[in-house]
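User: I have a protein model open on my screen and would like to learn how to read it. Could you walk me through it, feature by feature?

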Amino acid sequence: MTLNQLRYFCTASRCHSITKAAQELYLTQPTVSVAIRDLEIEFGVSLFYRKGNQLNLTEEGEALYEKATYILQYCNELQSNHSSINRVKPPIRVGIPPMLSTVFFPELLDAFTEKYPTIPVMLEEYGSVRACNLVQEDTLDLALVNMELYNIDKFNKEVLANDQIVFCVHKSHPSSAKSEVTTKDMSNDNLIFFNADSVQNELLKIRFETDGLTPRVFMRSSQIYTTLQFLKNGRCGCFLYSSMVNKFSDIVAIPLNPPIKISVGMIWKKGKYISNDMQKFLSFTKKYYQKHSLVNL
């Protein structure tokens, strides 16, 4: 068994195709096929089965893929840390939903960079659903997500804070004086929802459907400040986390009845090798929000 064989096998697993793996690796198809066949002979198992034109991992293939991914990630970190040629550290790639990044990351990232100035962090904005998929595909190392995802147990996770969804309007909106709102109260309002890969959207959709109502969504957006500009006319509303609202002047947060409570946390892929830098980032993030809690419900 060689590292190249494991690399070819992992690439074919991810691409579900020998042809695509060979193209990505700039190799011939026979080179990739032989490497995988040699692994199968060495371990005495079949690693793939075909479903149409697509390769799928067998049970034995899944087990090897998890271990091989870990080995390759460890070797990449070892090479990065000790190579005399490449002294540039790869960044920790963190996915953050636009709404959560407003509350969670600006202060945390400043504090982390101050303590660990040599550890680079690259942030990428995605909704929680998309971010989880990218973590599973190893495009992201970590992701900050709404923990109400249906498939959250597929990942390693660390809950960081609790919060709740609130109905937000400008102070000139007719509902701004209310102490709470129901779906019926909001059913005639023009509403701004976030984009389709937001977990919040699904929670709100379920709430409206349960009550036999359809929300009047006139815009979908991923930009907080664009949303807030629309609220200024006093004729529409949106949904944010309660911990966000004190950051915006002239915006009133009205609790939902019954409330929609959520947890926010960090996820990473099961079986993934956790580098020293990632361990430091996870540990720092957890301790930071123990000291700087958002909302305790």
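Analyst: Happy to; we will go from the inside of the protein to its surface, then to its salt bridges and backbone. Keep in mind that this is a predicted model.

User: Let's begin inside. Which residues touch the most other members of the largest nonpolar core?

Analyst: The general idea comes first: in soluble globular proteins, nonpolar side chains tend to be buried together. Here the largest nonpolar core has 69 residues, and Phe105 and Phe239 touch the most other members. Strand 10, residues 251-269, gives the most to this core, with nine residues. Another core, of 20 residues, lies apart from it; Phe9, Phe48, Tyr65 and Leu72 are among its residues.

User: Can we look at one residue in detail? Is isoleucine 165 buried or exposed?

Analyst: Isoleucine 165 counts as buried because its relative accessibility is 0%, and buried means under 20%. You will find isoleucine 165 in strand 6, residues 155-170. Leaving aside neighbours within four places in sequence, its contacts are Gln200, Leu203, Leu204, Phe239, Leu240, Tyr241, Leu256, Ile260 and Ile262. Phe239 is also one of the two residues that touch the most other members of the largest core.

User: How many residues apart in sequence are isoleucine 165 and glutamine 200?

Analyst: They are 35 residues apart in sequence, and in space their C-alpha atoms are 8.1 Å apart.

User: Now a helix. Which residues of helix 2 are buried, and on which side do they lie?

Analyst: The rule of thumb is that an α-helix has 3.6 residues a turn, so residues three or four places apart point the same way. In helix 2, residues 18-25, the buried residues are Ile18, Ala21 and Ala22. Because they cover an arc of only 100° around the axis, they are on the same side of helix 2. What do these buried residues pack against? Their partners are helix 1 (3-15), helix 3 (29-43) and strand 2 (54-57).

User: And the outside? Which residues make the nonpolar surface patch?

Analyst: Leu3, Tyr70, Ile71 and Tyr74 make a nonpolar patch of about 350 Å² on the surface. Helix 4, residues 59-82, gives the most to it, with three residues. Take tyrosine 74, which sits in helix 4: at 40% relative accessibility, tyrosine 74 counts as partly exposed.

User: Next, charges. How many salt bridges are there?

Analyst: As background, side chains of opposite charge can pair when their charged atoms come close. A search of the whole structure finds seven salt bridges. One of them joins the side chains of aspartate 138 and lysine 269, at 3.1 Å from N to O. Aspartate 138 is in the loop between helix 6 and strand 5, whereas lysine 269 is in strand 10, so this pair ties together parts that are 131 residues apart in sequence.

User: Are those two residues buried or exposed?

Analyst: Aspartate 138 counts as buried, at 18% relative accessibility. Lysine 269 counts as buried too, at 8%.

User: Which other pairs could I look up?

Analyst: Try glutamate 158 and lysine 286, whose closest N and O atoms are 3.5 Å apart. Glutamate 158 lies in strand 6 and lysine 286 in helix 10 (residues 276-291), so the pair ties together parts 128 residues apart in sequence. Glutamate 158 is partly exposed, with a relative accessible area of 26%, and lysine 286 is partly exposed at 35%.

Then there is the salt bridge of aspartate 250 with lysine 171, with 3.2 Å between the closest N and O atoms. This pair links distant parts of the chain, 79 residues apart: aspartate 250 is in the loop between strand 9 (236-241) and strand 10, and lysine 171 is in the loop between strand 6 and helix 7 (183-186). Aspartate 250 is partly exposed, with a relative accessible area of 39%, while lysine 171 is exposed, at 52%.

User: Last, the backbone. Where should I look for a positive phi or a cis peptide bond?

Analyst: Histidine 16 is not a glycine, yet has a positive phi of about 60°. Histidine 16 lies in the loop between helix 1 and helix 2 and counts as partly exposed, at 32% relative accessibility. Aspartate 138, the salt-bridge partner of lysine 269, also has a positive phi, of about 70°. For the cis peptide bond, go to asparagine 257 and proline 258, where omega is about -5°; proline 258 is in strand 10.

Technical notes: Residues numbered from 1 in each chain as written. Predicted model: local features only at pLDDT ≥ 70, side-chain atom pairs only at ≥ 80, totals over all residues. Heavy atoms only, no water. Patch = residues over 30% accessible without salt bridge, like charges linked within 9 Å, V, L, I, M, F, W, Y side chains within 5 Å. Areas by Shrake-Rupley, 256 points an atom, 1.4 Å probe, with all protein chains shown as cover. Salt bridge = Lys/Arg side-chain N within 4 Å of Asp/Glu carboxyl O. Helix = DSSP H or I, 4+ residues; strand = E, 2+ residues; numbered from the N terminus. Buried < 20%, exposed > 50% of the residue type's maximum accessible area, 1.4 Å probe, protein only. Core = buried A, V, L, I, M, F, W, Y, C linked by side-chain atoms within 4.5 Å. Arc of directions from axis to C-beta. Contact = heavy atoms within 4.5 Å.
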